[in-house]
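Here is a brisk report on the structure shown below. It takes the chains, their contacts and some backbone details in turn.

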Amino acid sequence: MAITDIKQYVHLTEADIEELARELDAIRTDIEESRGERDARYVRRTIQLQRALVVGGRIALLASRNKVAWVAGTALLGIAKIIENLELGHNIMHGQWDWLNDPEIHSTEWEWDTTSPSVQWKYTHNFVHHKYTNIVGIDDDVGYGLLRVTRDQRWKPEYLANPVFNVLLGTLFEWGVALHGVEITKVRKREKTMAEARKDLRVIGKKVAKQVGKDYVVFPALSGPGWKHTLAANAIANLIRNYWAYLVIFCGHFPDGAEKFTREEYENETHPEWYLRQMLGSANFTAGPLMAFMSGNLCYQIEHHLYPDLPSNRYAEISERVKALCDKYDLPYTTGSLMHQYMQTFWTIVKLSVPNKFLQASSDDAPETHSELKFRIREGVRESFGVDPATGRRRGLRTALRELQTADVATA
Amino acid sequence: MPTHGVLSLRGLVARATTPLLPDDYLKLLNPLWSARELRGLVVDVRRETEDSATVTIKPGWGFSGDYQPGQYLGIGVRVGGRWHWRSYSLTSIPRRDKKLIAITVKATPEGFLSSHLVNGVDPGTVVRLAAPRGDFALPDPAPAKLLFVTAGSGITPVMAMLRSLRQRGESPDIMHVHSAHAIGDVIFRDELCALERTQHDYRLHLQLTADMGKVDFAALDGLVPDWKDRSTWACGPTAMLDAVENAWTAAGVRDKLHTERFAIARTDKGGEGGTVTFKNSDKSIKLDGATTLMEGGEKLSIQMPFGCRMGICQSCVLPLESGYVRDLRSGTEHRAGDRIQTCISAASGDCTIDI
């Protein structure tokens with residue numbers, strides 16, 4: 001039933017965990033102190049590039065009856081929307097660039113090119129998701145109130161449609177994100193009143209009107225007789241962005257190895273353990289510089305969760321240091337190719353459409369979720385291993401997992 | 001001022017650029033073509049003395065030239081990627097000079113931005129501007145008898161007043177007592193001396209403190225016999241202004257005195273805590289250096305915006321109106337013009353936040 005005692009799960013001593021947190025803090029300080037003109041230029045140039053792509057795309061689509069112009073315009077606009085949502089919108093609203101002290105590139109001022117209003121996004125994402133990451137029942141990003149992504153979520157008949165909902169969510173991703181702001185799960189649990197929900201919906205409505213007005217009224221109208229082609233192009237550009245953002249985000253928390261946690265874990269959590277939860281709860285995917293850029297550097301999801309407000313262009317260098325720490329403290333660092341990570345995610349979603357009784361693994365030891373209890377199925381696996389006497393290295397979760405695999409496993 | 005037509009056109013085009021403004025695209029063509037944030041282009045940096053310079057700026061869209069002589073201008077300059085904000089007195093004449101504006105800045109050893117403005121800013125640099133503000137302004141028309149008491153860079157707002165008086169064609173009876181360390185440190189020396197030669201209503205007393213010591217305001221009668229009858233504008237270091245205020249209060253003519261203080265009272269380095277004022281409700285509370293501004297506001301039942309309470313979500317960010325605060329996580333000190341995370345910031349001297 002997901003991880004309840006992260007200290008026990010990682011098989012490190014309390015002193016080790018505190019030392020790890022100090023080293024993670026040191027990375028933050030190093031980056032904060034070395035932020036400067038180079039980083040500022042990076043975000044300014046990204047903004048320039050993104051706006052140039054929008055202008056190019058929109059101009060090309062004024063001649064959308066021409067096939068070449070249509071394809072070029074759609075592609076430019078799709079790419080621009082991806083950059084705007086991920087590398088700019090998501091990251092700026094996280095406050096990654098607040099240190100520039102530039103009101104035009106600031107978390108309090110930025111509004112992004114999607115139907116989700118920034119004010120609600122900052123609440124559900126920056127606060128709820130990043131503080132309560134992967135705590136089943138608190139973090140609404142565990143399945144978005146729609147999907148079953150871990151067997152810790154109690155099965156309901158509507159989950160039979162899990163694979164269908166999955167495709168729908170990918171297709172309508174920006175609308176899903178917007179509705180996420182209403183926190184339907186909370187409304188269902190009566191933690192939020194209908195009046196509050198209606199107020200949120202009004203805010204969403206205003207934003208939707210502007211977004212829809214732009215993509216489906218103003219620009220088609222400007223294209224004159226080609227309005228149908230422009231309308232289709234804008235819809236497809238939004239679709240391209242939807243699928244890509246969906247892919248990037250699903251690969252951040254749903255591949256195997258991205259752990260889930262219980263409320264009890266959070267209730268007794270220290271700051272060093274918060275760091276651990278972020279590390280174990282997230283998954284990266286391998287990416288070259290171009291793919292990293294197009295993913296808003298969310299291919300470095302682990303680093304993003306450790307330091308959500310440090311500039312995204314530094315995640316690559318941070319990842320080298322985090323990987324080194326994972327080696328030093330013998331912790332897993334979950335990563336794989338985008339396809340590999342997505343296939344795991346997809347398979348989890350398909351499998352979990354059925355109740356647990358049809359599934360082989362228990363929620364203590366399943367591909368998508370584990371708990372410290374998985375080490376209890378066999379007597380003799382220690383709570384922590386301390387330092388390896390032969391090599392002098394710390395031994396932690398990786399050693400524990402290896403022990404479990406290689407040693408004879410007694411049936412529980 | 002932008003006309004009504006321009007504004008409604010902008011609103012119309014914004015239907016196509018939403019969530020951005022047309023300005024956000026236009027500024028890529030010309031940095032001054034944006035009214036989202038007031039901007040300006042530095043067109044000239046002229047040295048006044050060894051350590052002071054006049055920076056002439058061409059304002060961009062949306063800037064109103066309708067300020068009053070004596071008011072100050074907020075200016076944001078980018079250094080190392082980061083925008084730093086300070087305020088300096090305008091020394092230009094309102095609604096004149098081909099719409100150019102000017103500030104005069106004295107580099108102080110501890111003033112990182114003032115040194116940068118005097119020594120490091122080249123023509124062509126784009127700066128941010130905040131609309132001119134301040135109550136230290138000369139009325140139009142001016143009173144018949146005036147006294148200006150200035151010291152050091154405190155001359156700057158008064159220079160704007162002197163220049164505006166001339167331009168308006170007014171010639172009130174002016175007595176000017178200006179203090180500077182030595183003759184080479186007198187900002188606008190040539191202009192002041194020329195004024196004294198050509199305008200018989202303007203008399204200047206230069207107090208060079210290296211040789212002559214400071215002005216003794218308790219014995220001002222010797223310098224300006226009728227000082228109690230004059231409307232007075234005083235600007236300079238805190239010690240001088242304190243002496244002036246004491247003298248005017250003692251003589252029962254405090255209501256004839258207008259002062260401008262540049263420095264914000266700040267606790268010594270390392271000294272933390274202070275009185276935090278919440279601007280909109282005008283409530284204030286004394287906090288130690290370990291209590292966050294958010295906790296302080298909540299103690300006063302102010303509806304502080306909040307989220308994670310651990311410095312990661314930016315839900316609580318508010319503009320710092322004046323004073324200094326310290327980021328408890330990194331130890332960084334923030335000053336007026338910065339936006340701060342109230343959940344991880346503590347007072348570092350008295351400060352005001354905009355809520």
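How are H1(B) and H2(B) oriented to each other: roughly parallel or roughly perpendicular? Their axes come within 8 Å and cross at roughly 90 degrees. Angles from 65 to 115 degrees count as roughly perpendicular, so H1(B) and H2(B) are roughly perpendicular to each other. This is a predicted model.

## Chain B: the helix pair and its loop

The contact between these two helices can be listed by residue. H1(B) contributes B:Arg10, B:Val13, B:Ala14 and B:Thr17. H2(B) contributes B:Pro22, B:Asp24 and B:Tyr25. By class, the contact of H1(B) with H2(B) has four nonpolar residues, one polar and two charged.

The loop between helix H1 (4-17) and helix H2 (22-29) of chain B holds B:Pro19. The peptide bond leading from B:Thr18 into B:Pro19 is cis, with omega near 5 degrees.

## Chain B: domains

Chain B is assigned domain 1 (1-34), domain 2 (37-133), domain 3 (145-261) and domain 4 (274-353). Between domain 1 and domain 2 of chain B, the C-alpha centres lie 24 Å apart. Six residues from domain 1 of chain B and eight residues from domain 2 of chain B make the contact. On the domain 1 side, five of the touching residues are nonpolar and one is polar, with no charged residues.

## Chain B: the sheet

Chain B has an open sheet of six strands with antiparallel pairing. The strand order is S4-S3-S6-S1-S2-S5 (chain B). Strand S4 (82-89) and strand S5 (101-106) of chain B are the edge strands, each pairing on one side only. From one strand to the next, the twist averages 35 degrees.

One pairing in chain B can be followed in detail. Strand S3 (residues 72-79) and strand S6 (residues 126-133) of chain B run antiparallel and are joined by four bridges. B:Tyr72 stands opposite B:Arg133 in S6(B).

Beyond this strand comes another cis bond. B:Pro141 lies in the loop between S6 and strand S7 (145-151) of chain B. The bond that joins B:Asp140 and B:Pro141 is cis, with omega about 0 degrees.

## Chain A: an enclosed helix

Why is helix H7 (residues 173-180) of chain A largely enclosed by the rest of the structure? Seven of its eight residues are buried, so the rest of the structure largely encloses H7(A). The buried residues are A:Phe173, A:Glu174, A:Gly176, A:Val177, A:Ala178, A:Leu179 and A:His180. A residue is buried if 20 or more other C-beta atoms lie within 10 Å of its own.

Several helices of chain A help to cover these residues. They include helix H5 (118-131), helix H6 (162-171), helix H8 (184-188), helix H9 (194-222) and helix H10 (227-253).

## Chain A: a second crossing

H10(A) also meets helix H16 (residues 338-351) of chain A. The two axes come within 9 Å and cross at roughly 75 degrees. That makes H10(A) roughly perpendicular to H16(A). From H10(A), the contact uses A:Leu247, A:Phe250 and A:Cys251. From H16(A), it uses A:Leu338, A:Gln341, A:Tyr342 and A:Thr345. The contact of H10(A) with H16(A) has five nonpolar, two polar and no charged residues.

## Where the chains meet

How many residues does the contact take from chain A and from chain B? Chain A gives 37 residues and chain B gives 23 residues. Helix H2 (14-34), helix H3 (37-62), H5 and H9 of chain A each supply at least two residues of the side that touches chain B. That side of chain A divides into eleven nonpolar, twelve polar and 14 charged residues.

## Positive phi outside glycine

Two residues have a positive phi although neither is a glycine. The table sets out their values and places.

| Residue | Phi | Loop | C-beta neighbours within 10 Å |
|---|---|---|---|
| A:His11 | about 60 degrees | between helix H1 (6-10) and H2 of chain A | 27 |
| B:Arg309 | about 60 degrees | between helix H8 (293-299) and strand S14 (317-327) of chain B | 17 |

Is each residue buried or partly exposed? With 27 other C-beta atoms within 10 Å, A:His11 is buried. B:Arg309 has 17 C-beta neighbours inside 10 Å, so B:Arg309 counts as partly exposed.

How values were computed
Residues are numbered from 1 along each chain as its sequence is written. Chains are lettered from A and ligands numbered from 1 in the order in which they are written. This is a predicted model: local features need pLDDT of at least 70, side-chain atom pairs count only at pLDDT 80 or more; totals for chains, interfaces and linings use all residues. A residue is buried if 20 or more other C-beta atoms lie within 10 Å of its own, exposed if 12 or fewer, and partly exposed in between; C-beta atoms are placed from the backbone. Two residues are in contact if their C-beta atoms, placed from the backbone, lie within 7 Å. Ala, Val, Leu, Ile, Met, Phe, Trp, Tyr, Cys and Pro count as nonpolar, Asp, Glu, Lys and Arg as charged, and the others, Gly among them, as polar. Domain bounds come from an automatic or database domain assignment. Two strands pair if DSSP finds at least two bridges between them. Axes are lines fitted to C-alpha atoms, for helices over the stretch in contact, and angles run from 0 to 180 degrees between N-to-C directions. Angles under 35 degrees count as roughly parallel, over 145 as roughly antiparallel, 65 to 115 as roughly perpendicular and the rest as oblique.
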